[in-house]
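Hi,

Here is the structure I promised to pass on to you. Have a look at it first, and then read my notes underneath.

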Amino acid sequence: MTKPSLPDLLHAAVSAVGGTERPGQVAMAEAVAEAIDDNSHRLIQAGTGTGKSLGYLVPALAHGERVVVATATLALQRQLVERDLPRTVDALHPQLRRRPQFAMLKGRSNYLCLHRLHEGAPQDEEDGLFDQFEAAAPTSKLGQDLLRMRDWADETETGDRDDLTPGVSDKAWSQISVSSRECLGATKCAYGAECFAEAARERAKLADVVVTNHALLAIDAIEGAPVLPQHEVLIVDEAHELVSRVTGVASGELTPGQVNRAVKRAAKLVDEKTADSLQTASETFERVMELALPGRLEQIPEDLGYALMSLRDAARNVISAIGSTRDKSVQDEDAVRKQALAAVESIHGVAERITNGSEYDVVWYERHDRFGATLRVAPLSVSGLLREKLFEDRSVVLTSATLKLGGDFNGVAASLGLSPEGVEGDDVPVWRGLDVGSPFDYPKQGILYVAKHLATPGREGTRGDMMDELAELIEAAGGRTLGLFSSMRGAKAAAEELRGRLDNPILLQGEETLGELIKSFAADPKTCLFGTLSLWQGVDVPGPSCQLVVMDRIPFPRPDDPLMSARQKSVEEHGGNGFMAVAATHAALLMAQGAGRLVRASGDRGVVAVLDPRLATARYGSFLRATLPDFWYTTDRNQARRSLAAIDATAKADGK
C-alpha cells in the first residue's frame with residue numbers, strides 16, 4: 001500500500017474542522033515532517049491564525065512513532081486533547097489505516113490521591129483538619145470545597161484537577177493530593193490499583209501522542225528518573241515560555257515556616273537528640289531570616305552560611321535516622337514517614353546546594369509583607385541543561401508565535417543551548433529556523449502608535465501626561481481597550497484615575513477571575529480591561545471588543561530583579577551586551593505577546609499604542625519594533641485618534 005502524502009493528510013485534517021490549508025500551515029507541516037525524517041531540530045515561528053496545532057499534529061501522527069507534545073498553558077493542552085486530536089485522528093484514519101491513540105500526562109500533584117482522600121493527610125497538630133471533611137466547617141469555603149471534592153471523587157474518571165469545575169483553591173486541593181516525593185508508590189499503597197496518577201502514566205505508555213506541560217518536561221529532563229515514556233519526537237508549543245518554566249523547576253527555596261513544618265513532621269520518627277538538633281538548626285535559621293534584606297547574595301554571609309550548614313547536617317541525620325514512629329497511636333505510618341521524609345529531603349537539598357555554592361547558581365533574599373523572608377536559589381542559565389537533556393536522542397520542534405526576537409532566531413536559540421543557526425560541529429545540535437508568517441495582513445489591519453511626545457517613564461511616580469493620553473485614546477476608541485501594564489500598581493492607578501474621568505466601565509485584573517473578566521470584556525464593546533503581564537497571554541478576544549491594545553511602558557525587568565541582573569552581568573563578563581541579551585530580549589518577548597492580542601481574526605482592525613517614547617527614540621527601539629507584528633507605524637497622535645474613531649464608527653455602524 002502506498003504511503004499517504006502529507007498534503008493529502010493535511011487537507012483531510014483541515015477539511016474536518018471546516019477550514020482550508022494556509023500556505024504557512026503547509027510550510028510548517030513540511031518542515032516538521034522533514035525534521036522528523038532526518039532527526040534534526042526546527043524552530044518555527046507561526047503567527048496567530050496559522051493553524052499551527054494541525055501544522056505539527058498531522059506530520060507527527062503520520063510519522064507513526066511516539067510523539068510528546070509539551071505546552072505551557074492549560075488552555076492549549078485541553079484544546080489539543082478535547083478538540084484537535086480527536087478530530088485529526090478521525091480525519092486521518094481512512095488514509096493511515098490506523099487510529100493513533102493519545103493521552104494527557106501531568107505531574108502527580110495534579111491528580112486526586114485516593115489514599116489521602118480516604119485516610120487523611122498526616123497533619124501538623126495546630127492545623128489538624130482531619131478527618132478533614134468532619135473538621136472543616138461545612139459552611140466555610142474550604143469545607144464546601146472538600147465536600148464537593150469527595151463527591152467528585154466518586155464520579156471522576158481521570159482524577160485530574162482541571163476536570164473539576166468550578167475549580168478549588170490550592171489549599172483545598174492540597175488536602176487531597178500528594179507530590180511525587182510524598183507518594184507511597186503503587187506497590188505499597190492500598191489504593192495503588194485504582195490510582196489516577198498511575199492510570200494516567202499507563203495510558204501515556206500506550207499512546208502514540210502524549211500531551212504534557214513544560215514543567216513535567218523539565219522534571220523529566222532534570223531529575224533523571226523518567227516520567228515521560230520513551231519518545232522519538234518532541235514538539236514544544238508556546239516554546240517562548242520554555243526557559244522560564246524550566247528555570248522554575250530547577251529553582252529552590254527555604255522559608256522558616258517550611259523548615260518548622262518539617263521539624264514537626266520528623267519529630268515523632270527519630271530519637272529526641274536527632275529531633276532537637278533539627279529544631280535548634282531551625283531556630284538559628286529563623287533568627288537569620290528575621291534580619292534578611294531583599295537582594296542578591298553574591299557571597300553567602302557568615303551567619304547564613306553557618307545556619308545552612310547546621311540545617312543541612314541536622315536534616316541529613318534525620319533522613320538517616322527516620323524509622324518507626326515513637327507514637328504508637330499514629331495511624332498510617334507509611335504515609336507519615338513518607339511525608340516527613342519529603343519535607344526534610346527538600347530542606348536538605350536546598351541547604352546543601354546553597355552551602356556548596358556554584359558559580360552557575362544565583363542566590364537571593366525576598367521579603368513579603370505577609371509571609372516574611374524567603375531564601376531562593378536558581379540557575380544562572382538553563383541553556384546547558386537544555387542542550388544536554390532535550391536535544392539528544394530525539395528530534396525536537398519548537399514553535400510559537402514569538403521566536404524571532406529583533407528579526408532572527410539566534411537569541412531564543414542561545415537561551416535553549418543552541419549555537420547560532422548554521423554552526424556545525426561535534427556535540428552541536430543542528431537546527432534550522434523557519435518563519436511561516438501569518439495569514440493576517442498586519443499593515444492593513446493594525447497600526448503601531450508610539451507616543452513619542454510623552455516624557456520618558458521614571459521608575460516611580462504617577463505619569464500625568466500618560467494618563468491624559470490613555471484617556472484620550474480610550475475615548476477615541478469608544479472603549480474597546482485592553483490595557484497592559486508593566487506592574488499591578490500601574491494597572492490599579494490607571495483604573496482608579498480613569499474610572500473617575502471616563503464613562504466607560506473599566507475592569508481590573510484581580511477583582512474577578514480572569515475567565516469572568518475576559519467574558520465581560522468581550523460582551524460589551526464600551527468596556528476596558530486593565531491588567532498586568534500575566535494577562536498578556538490569556539486574552540483571546542477577536543472582534544470589535546478589543547480594538548485598542550495599550551502598553552504603558554516597555555516591560556524591561558526590574559533593575560533589582562536578582563536573577564535577571566545576574567544573567568545580564570554574566571553576559572557582560574563574557575564579552576557580550578548584557579542589556580540586549582537579557583533585558584531587551586525579555587521586553588521584546590513580552591511586547592510581541594502583548595501586541596499579538598490585537599489581531600486575532602481576519603476581520604480585526606485596531607491600534608497598538610505604546611505610551612513610552614523610548615520605543616521610537618532609543619537605539620534599542622528598532623530591535624523591539626522588529627519583534628512586533630508588521631503593523632503600519634506612526635508617532636502622530638492625531639493619526640492614531642482619527643484611526644481609532646473611524647474603527648469605532650465602523651463597528652457601531654455594523655451594530656457592534
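Below is what I found in the strands and their surroundings.

Please keep in mind that this is a predicted model.

Let me start with the open sheet. It has 7 strands in the order S3-S4-S2-S5-S10-S1-S11, and the pairing is parallel. At the edges you will find S3 (102–104) and S11 (431–435); each has a single partner strand, so one side of each lacks a neighbour in the sheet. From one strand to the next, the twist averages 15°.

Within that sheet, have a look at S2 (residues 67–71) and S4 (residues 209–213), which pair in the parallel sense over 5 bridges. Thr71 has Asn213 in S4 as its bridge partner. Helix H10 (residues 214–222) lies across S2, S4 and S5 (233–236), and runs at about 95° to S4.

The other spot I would show you is strand S13, residues 481–484. Its side chains are split: Thr481 and Gly483 point one way, Leu482 and Leu484 point the other way, and all are buried. Which strands does S13 pair with? One is S15 (residues 528–531), in the parallel sense over 4 bridges, and another is S16 (residues 548–551), also parallel and over 4 bridges. To find your way between them, use two positions: Thr481 stands opposite Cys528 in S15, while Leu482 stands opposite Val549 in S16.

Happy to go through any of this with you.

Best wishes

Note on methods: Residues are numbered from 1 along each chain as its sequence is written. This is a predicted model: local features need pLDDT of at least 70, side-chain atom pairs count only at pLDDT 80 or more; totals for chains, interfaces and linings use all residues. Side-chain values use heavy atoms; hydrogens and water are left out. Buried means under 20% relative accessible area, exposed over 50%, partly exposed in between (1.4 Å probe, protein chains only). Two strands pair if DSSP finds at least two bridges between them. Axes are lines fitted to C-alpha atoms, for helices over the stretch in contact, and angles run from 0 to 180 degrees between N-to-C directions. Contact means heavy atoms within 4.5 Å.
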